[in-house]
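Hi everyone, thanks for making time. I'd like to walk you through a structure that is new to most of you, so have a look at it while I talk.

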Amino acid sequence: QVQLVESGGGLVQTGGSLSLSCAASGRSFSTHVMGWFRQAPGKERECVAVISTRGITTYYADSVKGRFGISRDNAKNTVLLQMNSLKSEDTAVYYCAAAPKWSVTSSQYNYWGQGTQVTVSS
């Protein structure tokens, strides 16, 4: 079992930065692939970034490549998403999720946080 709680969302102007944090509880955090997903109103949930169990391999959606950075600290049971050069199209609810194996597909993630709102104003 892994319980996930996101924090760090909020309102930011275009071009600004935000850092999202996901705190995990449970013994199996380090054995799970961690991902950040987002869902904007009227749109499907999309994968933003994924990090492997030891943090060696990462994936970024093309829309955020070069602007977002994902990292994890298995000693602290946390995963971070650093978001820079934010655009209005980044506005969405952001979710932290955990999966037993590598995937960029939301259906493969079996643990989810409650989500945190990120709003980018122009």
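**A walk through the chain**

Let me start at one small spot: G26 is partly exposed, with a relative accessibility of 32%. Before I go on, please keep in mind that this is a predicted model. So where does G26 sit? You'll find G26 in the loop between strand 3, residues 18–25, and strand 4. Along the sequence, G26 and V2 are 24 residues apart, yet their C-alpha atoms are 4.9 Å from each other in space. If we skip residues up to four places away in sequence, G26 touches Q1, Q3 and N77.

Okay, let's zoom out. How many helices and strands does the chain have? There are 0 helices and 11 strands. Reading from the N terminus, then, the elements go β-β-β-β-β-β-β-β-β-β-β. The radius of gyration is 13 Å, close to the 14 Å that the globule rule gives for 122 residues, so the chain is as compact as a globular protein of that length. If you draw a box along the principal axes, the C-alpha atoms fill roughly 40 × 25 × 25 Å.

A few more overall numbers. Of the 122 residues in the chain, 43% are buried. The chain exposes about 6,200 Å², and carbon and sulfur atoms supply 48% of that. Now take the contacts between residues at least 6 apart in sequence: 57% of them join residues at least 24 apart.

Here's one place where you can see that kind of thing. A40 is in the loop between strand 4 and strand 5, the latter being residues 46–51. A40 and T91 are 51 residues apart along the chain, but their C-alpha atoms are separated by 6.5 Å. Leaving out neighbours within four places in sequence, A40 is in contact with T91 and A92.

Next, the charges. Side chains of opposite charge can pair when their charged atoms come close. How many salt bridges does a search of the whole structure find? It finds 4.

Let me take you through some of them, beginning with R38. The side chain of R38 meets the side chain of E46 in a salt bridge, at 2.6 Å from N to O. Are these two buried or exposed? Well, E46 is partly exposed, at 33% relative accessible area, whereas R38 is buried, at 4%.

R38 also has a salt bridge with D90, and there the N to O distance is 2.9 Å. That pair links distant parts of the chain: R38 is in strand 4, residues 33–39, while D90 is in the loop between strand 8, residues 78–83, and strand 9, residues 92–99, and the two are 52 residues apart. Both R38 and D90 are buried.

And D90 has another partner. R67 forms a salt bridge with D90, with the closest N and O atoms 2.8 Å apart. R67 lies in the loop between strand 6, residues 58–60, and strand 7, residues 68–73, and D90 in the loop between strand 8 and strand 9, so this pair ties together parts that are 23 residues apart in sequence. R67 is buried, with a relative accessible area of 11%, and for D90 the value is 0%. Put it together, and salt bridges that share partners join R38, E46, R67 and D90 into one network.

Now for a contrasting case. E6 lies in strand 1, residues 3–7. E6 is buried yet has no salt bridge, and the nearest side chain of opposite charge, R45, is 8.0 Å away. So what does the side chain of E6 reach? One answer is the backbone nitrogen of G115, at 2.9 Å. Another is the backbone nitrogen of C96, which lies 2.8 Å from a polar atom of the E6 side chain. Beyond its neighbours within four places in sequence, E6 is in contact with a list of residues that includes S21, C22, W36, Y94 and Y95.

One last stop. T78 is found in strand 8. With a relative accessible area of 19%, T78 is buried, since the cut-off is under 20%. Setting aside neighbours within four places in sequence, T78 is in contact with C22, A23, F29, S71, R72 and D73.

If you remember one thing, make it the network that joins R38, E46, R67 and D90. Thanks, everyone!

How values were computed. Residues numbered from 1 in each chain as written. Predicted model: local features only at pLDDT ≥ 70, side-chain atom pairs only at ≥ 80, totals over all residues. Heavy atoms only, no water. Buried < 20%, exposed > 50% of the residue type's maximum accessible area, 1.4 Å probe, protein only. Helix = DSSP H or I, 4+ residues; strand = E, 2+ residues; numbered from the N terminus. Lys, Arg positive; Asp, Glu negative; His and termini not counted. Polar contact = N/O pair within 3.5 Å; in protein donor to acceptor, adjacent residues only side chain to side chain. Contact = heavy atoms within 4.5 Å. Rg over C-alpha atoms; globule rule 2.2 N^0.38 Å. Areas by Shrake-Rupley, 256 points an atom, 1.4 Å probe, with all protein chains shown as cover.
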